Amino acid sequence: MAILPIILFFAIVAVDQLTKIIVAAADIQFEIIGGLLSLEYTQNSGAAFGLFGSQSWGIALFSLISIGAIAVCFIVLTKTNSKLLSCGVMVLAAGTAGNLIDRLCTLLYQMIGDKYYGLDGFAGGVRDFLNIQFFANINIADIAITAGVVIICLYLLFLGPDPVFNLKKKKVEAPVEGEVEAQESDTQE
């Protein structure tokens, strides 16, 4: 198994968690691209894009699916020789793990409160800080999930061993003269 996908996994999880900590601690809000993208710390108590709201059964189900997805990603990683597919799978797994950390800490906060563990930053769920106007608030983990899915889809559609859309043109070789005559005599018999 290649080391690059593993390094990529831990780097993305670390950057995701660090950016969430920094933005939450700084408590700042400003526009990055006027009217389109802004830095605004929020907490998402639902699943992806706020689905399930604050329904604990939905979040528990989503977390179990996330754990299963990470396990599948590691299994796929051990079975492939493609560096691109390995990286795509690990980017997806890292994004899933980044948001799963927030969900598990939120669950822990709901169970024990903030008495000893400094979990008050997890009172509301997954920590988001990039506000894309007219879409959603996202974080580095969400970007990684999306990028991982795109990489995997591109690989499967265009680059894999049996792609849906084969970009490589098959060479059509002209038959050699002797073969043409042999084919013609076979059809005449």
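**Exercise 1. Thr-146**

Task: In this predicted model, determine in which helix Thr-146 lies and whether Thr-146 counts as buried, partly exposed or exposed.

Solution. Step 1: the element that holds Thr-146 is helix α4, which spans residues 140–159. Step 2: the relative accessibility of Thr-146 is 48%. Step 3: the partly exposed class lies between the cut-offs of 20% and 50%, so Thr-146 counts as partly exposed. Step 4: a distance links Thr-146 to another part of the chain. Its C-alpha is 8.4 Å from that of Gly-95, although 51 residues separate Thr-146 and Gly-95 in sequence.

**Exercise 2. The packing of α1 with α4**

Task: State how α1 and α4 are oriented towards each other, parallel or antiparallel, and list the residues that make the contact.

Solution. Step 1: the axes of α1 and helix α4 are 8 Å apart, and the packing angle is about 150°. Step 2: an angle over 145 degrees counts as roughly antiparallel, and α1 and α4 are therefore roughly antiparallel to each other. Step 3: α1 contributes Ile-12, Val-15, Asp-16, Thr-19 and Lys-20, while α4 contributes Ile-140, Ala-141 and Ala-144. Step 4: sorted by class, this contact of α1 with α4 holds 5 nonpolar, 1 polar and 2 charged residues.

**Exercise 3. The packing of α1 with α3**

Task: Determine the orientation of α1 and α3, parallel or antiparallel, and the hand of their crossing.

Solution. Step 1: helix α1 covers residues 4–26 and helix α3 covers residues 83–112; their axes are 8 Å apart and meet at an angle of about 30°. Step 2: the cut-off for roughly parallel is an angle under 35 degrees, so α1 and α3 are roughly parallel to each other. Step 3: the crossing in which α1 passes α3 is right-handed. Step 4: on the α1 side the residues include Leu-4, Phe-9, Ile-12, Asp-16 and Lys-20, and on the α3 side they include Cys-87, Met-90, Val-91, Ala-94 and Ile-101. Step 5: the contact of α1 with α3 comprises 14 nonpolar, 4 polar and 3 charged residues.

**Exercise 4. Two loop residues**

Task: Locate Leu-36 and Phe-134 in the fold, and describe the surroundings of Leu-36.

Solution. Step 1: Leu-36 is in the loop that joins β1 (29–33) to β2 (37–44). Step 2: with a relative accessible area of 44%, Leu-36 is partly exposed. Step 3: once neighbours within four places in sequence are set aside, the contacts of Leu-36 are Asn-131, Ile-132 and Gln-133. Step 4: Phe-135 is 99 residues from Leu-36 in sequence, with a C-alpha to C-alpha distance of 9.6 Å. Step 5: Phe-134 belongs to the loop between β3 (126–132) and β4 (136–138). Step 6: the relative accessibility of Phe-134 is 85%, so Phe-134 counts as exposed. Step 7: most residues other than glycine have a negative phi. Phe-134, by contrast, has a positive phi, near 65°.

**Exercise 5. The whole protein**

Task: How many helices and strands does the protein have, and in what pattern do they follow one another?

Solution. Step 1: there are 5 helices and 4 strands. Step 2: along the sequence they give the pattern α-β-β-α-α-β-β-α-α. Step 3: 33% of the 189 residues count as buried. Step 4: the accessible surface is about 12,200 Å², and carbon and sulfur atoms account for 67% of that surface. Step 5: of the contacts between residues at least 6 apart in sequence, 63% join residues at least 24 apart.

Note on methods:
Residues numbered from 1 in each chain as written. Predicted model: local features only at pLDDT ≥ 70, side-chain atom pairs only at ≥ 80, totals over all residues. Heavy atoms only, no water. Buried < 20%, exposed > 50% of the residue type's maximum accessible area, 1.4 Å probe, protein only. Contact = heavy atoms within 4.5 Å. Axes fitted to C-alpha atoms, helices over the stretch in contact; angles between N-to-C directions. Parallel < 35°, antiparallel > 145°, perpendicular 65-115°, else oblique. Left-handed = near helix turned anticlockwise from the far one by under 90°. Nonpolar A, V, L, I, M, F, W, Y, C, P; charged D, E, K, R; others polar. Areas by Shrake-Rupley, 256 points an atom, 1.4 Å probe, with all protein chains shown as cover.
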